[in-house]
Amino acid sequence: MASSASPPILPISNSQPAPDVTTASTGSISSPSLAPVNTPAFRVFLSRLQESIRRSLSDRRPWSELLDRSAFSRPDSLSDATSRLRRNFSYFRINYFTLIAAVLALSLVSHPASLIVLIGLLASWCFLYIFRPSDPPLTLFGRAFSDRETLLGLTVITVFVVFLTSVGSLIISALLVGAALVAAHGAFRVPEDLFLDDQEPGGAATGFLSFLGGGASTVGRV
């Protein structure tokens with residue numbers, strides 16, 4: 001009689017823990033916690049920027065009031081035009097800033113190459129210097145760069161892009177066009193029906209750019 005069947009052999013697994021890519025000896029992959037977009041300063045800056053834009057846009061005047069054709073007339077003199085521009089700017093400040101930003105955005109969109117270069121330049125400033133922790137130092141092509149060297153390099157690149165390429169001339173031209181539109185509107189818009197009693201001097205401008213002060217105070221070099 002044949003001997004009884006031997007019990008089945010169970011497979012033996014010797015599982016090894018997967019190595020942590022963030023602590024590999026090569027050092028080529030850095031921890032996600034060190035990414036500039038995950039730093040508290042960057043998140044606070046974005047939060048302040050969104051809040052500042054939302055608060056400022058809520059204070060803008062109705063566009064129908066800005067474009068009321070019945071309120072336009074030729075100024076009697078240069079001093080009259082200057083007085084109108086001053087009062088209209090105090091009242092339509094946010095609308096004017098929005099108009100200039102729209103002209104600038106339209107100019108950049110119509111020139112995609114310049115837009116890509118400008119976005120790359122802004123991203124370099126944000127992720128290589130402003131929001132990047134100083135420890136560990138920036139390492140490119142196997143060489144570590146200090147904060148001073150990084151700042152110097154970004155400054156040289158910015159000067160080259162702004163003054164030696166078409167990006168700078170495009171931005172300046174768009175700002176001049178926007179300023180000309182604002183000046184023409186402010187000079188020909190009769191401000192007699194505008195109520196400026198509830199306006200704080202510089203209040204709208206301060207709110208519109210308040211995120212810069214908050215970001216500067218938050219984003220300190222470690």
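A polar contact is a pair of N or O atoms within 3.5 Å; within protein, one atom must be able to donate a hydrogen and the other to accept it, and residues adjacent in sequence count only if both atoms are side-chain atoms. I begin with that definition, colleagues, as it applies to N88, whose side chain reaches the backbone oxygen of R189 at 2.8 Å.

The structure before you is a predicted model, in which local features need pLDDT of at least 70 and side-chain atom pairs count only at pLDDT 80 or more, while totals for chains, interfaces and linings use all residues. Residues are numbered from 1 along each chain as its sequence is written, and side-chain values use heavy atoms, with hydrogens and water left out.

Allow me to start with the overall layout. The protein chain has 9 helices and 2 strands; helices (H or I, at least four residues) and strands (E, at least two) are DSSP runs, numbered from the N terminus. Read from the N terminus, the order is α-α-α-α-α-β-β-α-α-α-α. Of the 222 residues, 25% count as buried, where buried means under 20% relative accessible area, exposed means over 50%, and partly exposed lies in between (1.4 Å probe, protein chains only). The chain exposes about 15100 Å², of which carbon and sulfur atoms supply 68%; such areas come from the Shrake-Rupley method with a 1.4 Å probe, and for residues only the protein chains shown count as cover.

Contacts give a further view of the chain. A contact means heavy atoms within 4.5 Å. Among contacts between residues at least 6 apart in sequence, 79% join residues at least 24 apart.

Let me return to N88. It is found in helix α3 and is buried, with a relative accessible area of 0%. Which residues does N88 contact, leaving aside its neighbours within four places in sequence? They are R93, Y96, H185, G186, R189, P191 and L194.

Helix α3, residues 78-91, also holds a salt bridge partner pair, D80 and R84, which are 4 residues apart and so separated by about one helical turn. A salt bridge is a side-chain nitrogen of Lys or Arg within 4 Å of a carboxyl oxygen of Asp or Glu. In this pair the closest N and O atoms are 3.6 Å apart. Are the two partners buried or partly exposed? D80 counts as partly exposed at 22% relative accessibility, whereas R84 is buried at 9%.

R84 is also touched by S73, which in addition touches F188 and V190, not counting residues up to four places away in sequence. S73 has its place in the loop between α2 (63-66) and α3, and it is partly exposed, with a relative accessible area of 29%. Although S73 and F188 are 115 residues apart along the chain, their C-alpha atoms are separated by 5.4 Å.

How many salt bridges does the rule give? The count comes to 2. Besides D80 and R84, the side chains of R143 and E149 meet in a salt bridge, at 3.4 Å from N to O. R143 is partly exposed at 42% relative accessibility, and E149 is partly exposed at 34%. E149 is also one of the residues touched by A144, which lies in strand β2, residues 143-145. A144 is itself partly exposed, with a relative accessible area of 45%.

I turn now to the record. UniProt, in an unreviewed entry, places the feature "transmembrane region" at residues 91-109, 115-131 and 151-184; its positions are given in the numbering used here, feature names are shortened, and annotations may be inferred rather than shown by experiment. In the model, residues 91-109 are 95% helix and 0% strand, with end C-alpha atoms 29 Å apart. Residues 151-184 are 97% helix and 0% strand, and their end C-alpha atoms lie 40 Å apart.

Two further places deserve a look. S107, in helix α4 (residues 93-109), is buried at 16% relative accessibility. Its side chain reaches the backbone oxygen of V103 at 2.9 Å, and S107 touches L170 and A174, not counting residues up to four places away in sequence.

Finally, V159, F160, V162, F163 and L164 make a nonpolar surface patch of about 520 Å². Patches are made of residues with over 30% relative accessible area and no salt bridge, like charges being joined within 9 Å and nonpolar side chains (Val, Leu, Ile, Met, Phe, Trp, Tyr) within 5 Å. V162, placed in helix α6 (residues 147-164), counts as partly exposed at 33% relative accessibility.
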